[in-house]
There are 2 protein chains.
Amino acid sequence: MRAEILTIGDELLIGQTVNTNAAWIGEHLTLSGVDVACAVTVGDDESAIRRALARAYDEAELVITTGGLGPTHDDITKVAVAAYFDKDLHFDAAILDEIEKRFAGRGIKMPSGNQGQAMVPEGFEILPNPNGTAPGLWYETEERMLAVLPGVPHEMQALMSDEVLPRLRRHGGLRVIGQRTLHTAGIGESNLQERIGDLSGLLNDHLRLAFLPGTGGVRLRLTALAKEQATAEASLDAFEQHLRSRIDRYVFGTNGETLESVVGRLLRERGLTLSVAESCTGGLVAHQLTNVSGSSAYLAGAIVAYSNQAKINLLE
Amino acid sequence: MRAEILTIGDELLIGQTVNTNAAWIGEHLTLSGVDVACAVTVGDDESAIRRALARAYDEAELVITTGGLGPTHDDITKVAVAAYFDKDLHFDAAILDEIEKRFAGRGIKMPSGNQGQAMVPEGFEILPNPNGTAPGLWYETEERMLAVLPGVPHEMQALMSDEVLPRLRRHGGLRVIGQRTLHTAGIGESNLQERIGDLSGLLNDHLRLAFLPGTGGVRLRLTALAKEQATAEASLDAFEQHLRSRIDRYVFGTNGETLESVVGRLLRERGLTLSVAESCTGGLVAHQLTNVSGSSAYLAGAIVAYSNQAKINLLE
């Protein structure tokens with residue numbers, strides 16, 4: 001299934017807010033086996049939203065929008081959605097009741113601006129939002145699915161987890177995506193690629209490799225697509241083995257592991273403790289080691305002998 | 001001027017990386033008076049990049065892309081750009097020379113994968129990248145401008161500031177952005193605001209203040225927009241003086257200064273030296289102090305007495 005994410009809000013375009021919603025939705029769709037083809041951000045502008053919606057609906061089977069469901073004049077996602085599908089907006093008394101209760105619970109009279117949040121395009125299903133005044137919307141045809149979600153991150157996340165992802169799973173047939181990360185150190189991106197050699201006979205639409213360079217080393221992200229989780233895992237196992245046959249000495253860990261957590265695990269396994277003497281790293285080695293929870297089991301302490309005199313006095 | 005931002009990379013779509021580049025570019029274009037109409041993210045897929053480029057080029061006078069300029073097989077932005085404009089990619093010996101020098105400077109032979117980074121579409125101008133191996137590209141016609149930038153944030157930011165924004169300004173009508181940051185410590189955001197008092201008579205579309213709370217304290221970002229750099233700087237000077245008249249004792253530095261750099265400067269000025277003994281901070285205090293270049297002039301060293309035994313042995 002191909003999906004497009006459409007995030008709506010001026011604050012995203014002008015860089016006032018970093019678009020963490022697109023990343024969160026992208027990650028959770030990917031993990032659920034949905035292929036995220038594109039992520040688009042437009043401002044609080046009815047015609048821009050309508051055009052973006054038209055293009056997304058043209059290219060993807062699943063479209064998820066966030067933002068523009070609030071009570072103020074610039075929240076016009078529902079108007080744009082209703083216009084695009086040529087649906088009337090009707091008033092839903094049950095939603096208004098929920099919103100009024102929410103305000104009453106805080107001892108506040110509902111401002112009139114919130115009434116618009118009770119408007120629903122004809123034929124759209126309401127996704128109740130327990131964390132805010134803006135409910136989500138769901139619209140499904142034989143070929144397409146659309147989720148309209150609020151932009152407040154924790155409200156959007158709850159609606160995705162409790163309403164949208166379960167609906168997608170019910171459709172079945174979703175491709176499973178398996179991912180694995182190999183962490184390397186002590187070798188650069190291009191040298192790593194040279195050692196791995198030509199993968200053109202191995203890589204295809206269902207098996208992918210990405211090089212992700214960072215300050216601590218290059219991560220290799222292996223992705224396998226399959227009908228079943230077990231098949232994806234088997235591909236990843238074989239691919240990992242192939243890569244390790246060429247670069248095993250540079251691979252220090254997989255997935256959530258870090259260099260310092262691997263060092264810690266090895267020390268624990270061998271019942272060893274560690275003291276650090278560092279100079280120009282200035283405490284960074286000790287700091288990273290102590291970032292691992294439980295490091296007091298093996299780390300005695302560190303001396304940062306920065307000046308020559310300190311090297312003589314403290315380290316003799 | 002209408003702009004569209006096109007960020008390229010699978011890691012963005014699957015949510016492994018949050019798209020901070022789009023926010024940074026959006027913010028700096030907006031402050032320069034450019035209207036950011038849309039931000040699109042696509043994966044490392046040639047035809048998806050080409051289609052996105054076609055749509056962006058159709059709707060905006062300025063298109064800025066980031067990502068996909070690295071040395072590995074999944075970095076295909078230039079191929080897609082050349083294909084979209086129907087240009088040949090030609091080999092640029094001067095770029096290759098720069099890349100080889102960069103590797104030689106680190107005592108490494110350049111891997112063959114990096115050769116592709118020296119390919120340039122016909123008629124494109126090269127934007128030299130002092131911080132990495134991937135130069136940016138600039139393409140300008142009577143009606144449109146295109147900047148192709150690397151995805152590594154600090155490389156992209158330098159190219160935007162030093163190459164792209166000055167080119168846009170040459171087209172006239174753009175505003176100059178003056179920014180200054182005051183770093184505070186030892187006071188919370190709301191107390192700070194209370195002490196600063198009402199600024200409504202002072203702030204407007206051309207003079208702005210943002211409160212940026214972080215772990216080390218609250219930063220105050222002052223922004224002044226003007227036709228000329230000198231006017232912007234004069235506004236910032238007056239604004240800073242006004243703020244300092246109210247909160248000067250909480251301000252420890254400006255712009256690129258950090259708490260540790262200011263501590264270092266004060267130690268130097270007074271001819272003092274510093275030794276650190278830390279426990280659960282695990283080396284972080286020493287590490288931050290040694291991050292300041294020239295810190296060896298005043299920092300003797302540090303003891304990270306992590307275990308009780310180390311506290312007794314090293315610190316008595």
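A residue is termed buried when its relative accessible area is under 20% and partly exposed when the value lies between this limit and 50%. In the predicted model examined here, this criterion was applied to the partners of selected salt bridges. Side chains of opposite charge can pair when their charged atoms come close. Over all chains, the structure contains 29 salt bridges.

In chain A, R180(A) pairs with E240(A), with 2.8 Å between the closest N and O atoms. R180(A) belongs to strand β9 (residues 176-184) and E240(A) to helix α8 (residues 229-247), so this salt bridge ties together parts of chain A that lie 60 residues apart in sequence. The relative accessible area of R180(A) is 10%, and this residue is therefore buried. E240(A) is likewise buried, at 13%. Both residues take part in a network of salt bridges that also includes E233(A), D237(A), R244(A) and D248(A).

A further salt bridge in chain A joins the side chains of E125(A) and R167(A), at an N to O distance of 2.5 Å. This pair links strand β6 (residues 125-127), which holds E125(A), to helix α6 (residues 153-170), which holds R167(A), across 42 residues. E125(A) is partly exposed, with a relative accessibility of 36%, whereas R167(A) is buried at 9%.

In chain B, E27(B) and R221(B) form a salt bridge in which the closest N and O atoms are 3.6 Å apart. The two residues, 194 residues apart, connect helix α2 (residues 20-31) with strand β11 (residues 217-226). E27(B) has a relative accessibility of 16% and counts as buried, while R221(B), at 23%, counts as partly exposed.

Note on methods
Residues numbered from 1 in each chain as written. Chains lettered and ligands numbered in written order. Predicted model: local features only at pLDDT ≥ 70, side-chain atom pairs only at ≥ 80, totals over all residues. Heavy atoms only, no water. Salt bridge = Lys/Arg side-chain N within 4 Å of Asp/Glu carboxyl O. Helix = DSSP H or I, 4+ residues; strand = E, 2+ residues; numbered from the N terminus. Buried < 20%, exposed > 50% of the residue type's maximum accessible area, 1.4 Å probe, protein only.
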